[in-house]
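Colleague: Mind walking me through the side-chain contacts in this one? I'd like the reasoning along with the answers.

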Amino acid sequence: MKLDKKDILAALETISVSGEGKNMVESGTVKNIMTFGDEVVVDLLLTTPALHIKKRAEVDVMKAIHDKVYAKAKVTVNIKVEAPEKPEIKGKNIPGIKNIIAVASGKGGVGKSTVTANLAVTLAKMGFKVGLLDADIYGPSMPMMFDVASEKPLSVNIDGKSKMKPVENYGVKLLSIGFFTKPDQAVVWRGPMAAKALNQMIFDAAWGELDFMLIDLPPGTGDIHLSIMQSMPITGAVIVSTPQNVALADARKGVAMFQQESINVPVLGIIENMAFFTPEELPDNKYYIFGKDGAMNLAEDLKVPFLGQLPLVQSIREAGDFGRPAALQTATPLEAAFEKITQNVVQETVNRNKSLPPTEVVKITTMAGCSAVKKK
């Protein structure tokens, strides 16, 4: 028996792909029909790769032709899948900001915020234009460390739009949620609220021209981190850890977060904080309270740069509490240590910019995950 295309089309108009309202012909799922006597080949184009939907479409086509055209027809169904591009929530570049460095730690209490503050003032001392975003929403400490806890960002008009003017001290422009909360007020927010506040401090602020923006991330690997990487393209990440195994285990996870394929932010290196204790009265003595060279060995193991060691000395804590970062001291071992580490961060940033394309923002493509778009 010779089969007629019109009869086959009429049969296929009685069925639809699972999840679609229109029939297969009307929706454009049927792309081609070929007949050879009692043989028929039907080409379908689906928009979902789900196996059960493809199998259901194949069975429905064969049944419709057998029931409505010819019971003994030899039917072949070819299925091609072309999934449409998913809607994307995409971040954007910030005009005027050359390098965005995220400072992170897998674990709390390793001195990440203190290191970030001292990196920022050291960069400013070197002549760079520096901004610092305190993204540690639930424990903002930068206003205290920069002695500006009582100040508030002013509103300025930029191109007809009202923008926040960052608070500035020691040559560093600073924004923190700490400027907008009372000292005794806890920030009890869910992730979306925290992300919205961060986006306002990023994009509704008059940062101006910056060579470096440092972002003090919260401890761990969570929602705030993803929100930041979704909002703007991070040039690179710096991980802060202490030498003991408990901190190193979490630092390893911090590195893994940035390096995973779906995020793909270059890790500029690891800083070992509290590497050893040096008493003021015995400046040549080193006591390895938390273990020796743990972060240095981790950097070697993970094949990421080691940026340097910082000692555990009382004056670093005192300087942070007083609101004048220790790196501002002159002609001291601390100043030299912070300068060396900051020089290494700058050098690794230069190396990264020479050898790798610009980082793309992380794009949320499904409710379950994220992907990083890479330049070809």
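What follows is a short back-and-forth on salt bridges, aromatic pairs and nonpolar cores in this predicted model.

Colleague: Let's start with charges: how many salt bridges does the count come to?

Modeller: Side chains of opposite charge can pair when their charged atoms come close. Here the cut-off is nitrogen to carboxyl oxygen within 4 Å. By that rule the count comes to 11 salt bridges.

Colleague: Which residue forms a salt bridge with Lys-63?

Modeller: Look in helix H2, residues 51-68, where the two partners sit 4 residues apart, so about one helical turn separates them. Lys-63 is exposed and so is its partner. The closest N and O atoms are 2.8 Å apart, and the partner is Asp-67.

Colleague: And Lys-112 with Asp-216: how many residues apart in sequence are the parts that this pair ties together?

Modeller: The side chains of Lys-112 and Asp-216 meet at 2.9 Å, N to O. Lys-112 lies in helix H3 (residues 112-125) and Asp-216 in strand E10 (residues 210-216), so the salt bridge ties together parts of the chain whose separation in sequence is 104 residues.

Colleague: Are Lys-112 and Asp-216 buried or exposed?

Modeller: Besides their own salt bridge, these two are linked with Asp-136 in a network of salt bridges. Lys-112 and Asp-216 are both buried.

Colleague: Which helices hold Asp-301 and Arg-252?

Modeller: Their side chains meet in a salt bridge at 3.0 Å, N to O. Asp-301 is partly exposed at 45% relative accessible area, and Arg-252 counts as partly exposed at 39%. The pair ties together parts 49 residues apart in sequence, because Asp-301 lies in helix H8 (residues 294-302) and Arg-252 in helix H7 (residues 245-259).

Colleague: On to rings: why does the pair of Phe-146 and Tyr-170 count as tilted?

Modeller: A search of the whole structure finds 4 aromatic pairs. In this one the ring centres are 6.1 Å apart and the planes meet at 40°. Planes under 30 degrees apart would be stacked and over 60 edge-to-face, so the rest are tilted. Phe-146 and Tyr-170 are therefore tilted, at 40°.

Colleague: Is Phe-146 buried or exposed?

Modeller: Phe-146 lies in the loop between helix H4 (142-145) and strand E6 (154-158). Its ring partner Tyr-170 is partly exposed, at 21% relative accessible area. Buried means under 20%, so at 1% Phe-146 counts as buried.

Colleague: Which residue has Lys-286 over its face?

Modeller: A charge counts as over a ring if NZ of Lys is within 6 Å of the ring centre and within 35 degrees of the ring normal. Lys-286 lies at 4.5 Å from the ring centre, and the ring belongs to Phe-276.

Colleague: Now the inside: which element gives the largest share of the largest nonpolar core?

Modeller: In soluble globular proteins, nonpolar side chains tend to be buried together. The largest core here has 44 residues, with Leu-133, Ile-215 and Phe-258 among those with the most contacts inside it. Elements giving two or more residues to this core include strand E4 (97-104), helix H6 (223-231) and strand E11 (236-241). The largest share, 6 residues, comes from H5.

Colleague: How many residues are in the second, separate core?

Modeller: Its members include Ala-120, Ala-319, Ile-341 and Val-345. The second core has 41 residues.

Key:
Residues are numbered from 1 along each chain as its sequence is written. This is a predicted model: local features need pLDDT of at least 70, side-chain atom pairs count only at pLDDT 80 or more; totals for chains, interfaces and linings use all residues. Side-chain values use heavy atoms; hydrogens and water are left out. Buried means under 20% relative accessible area, exposed over 50%, partly exposed in between (1.4 Å probe, protein chains only). Rings of Phe, Tyr and Trp (its six-membered ring) pair if their centres lie within 6.5 Å; planes under 30 degrees apart count as stacked, over 60 as edge-to-face and the rest as tilted. A nonpolar core is a set of buried Ala, Val, Leu, Ile, Met, Phe, Trp, Tyr and Cys residues joined through side-chain atoms within 4.5 Å.
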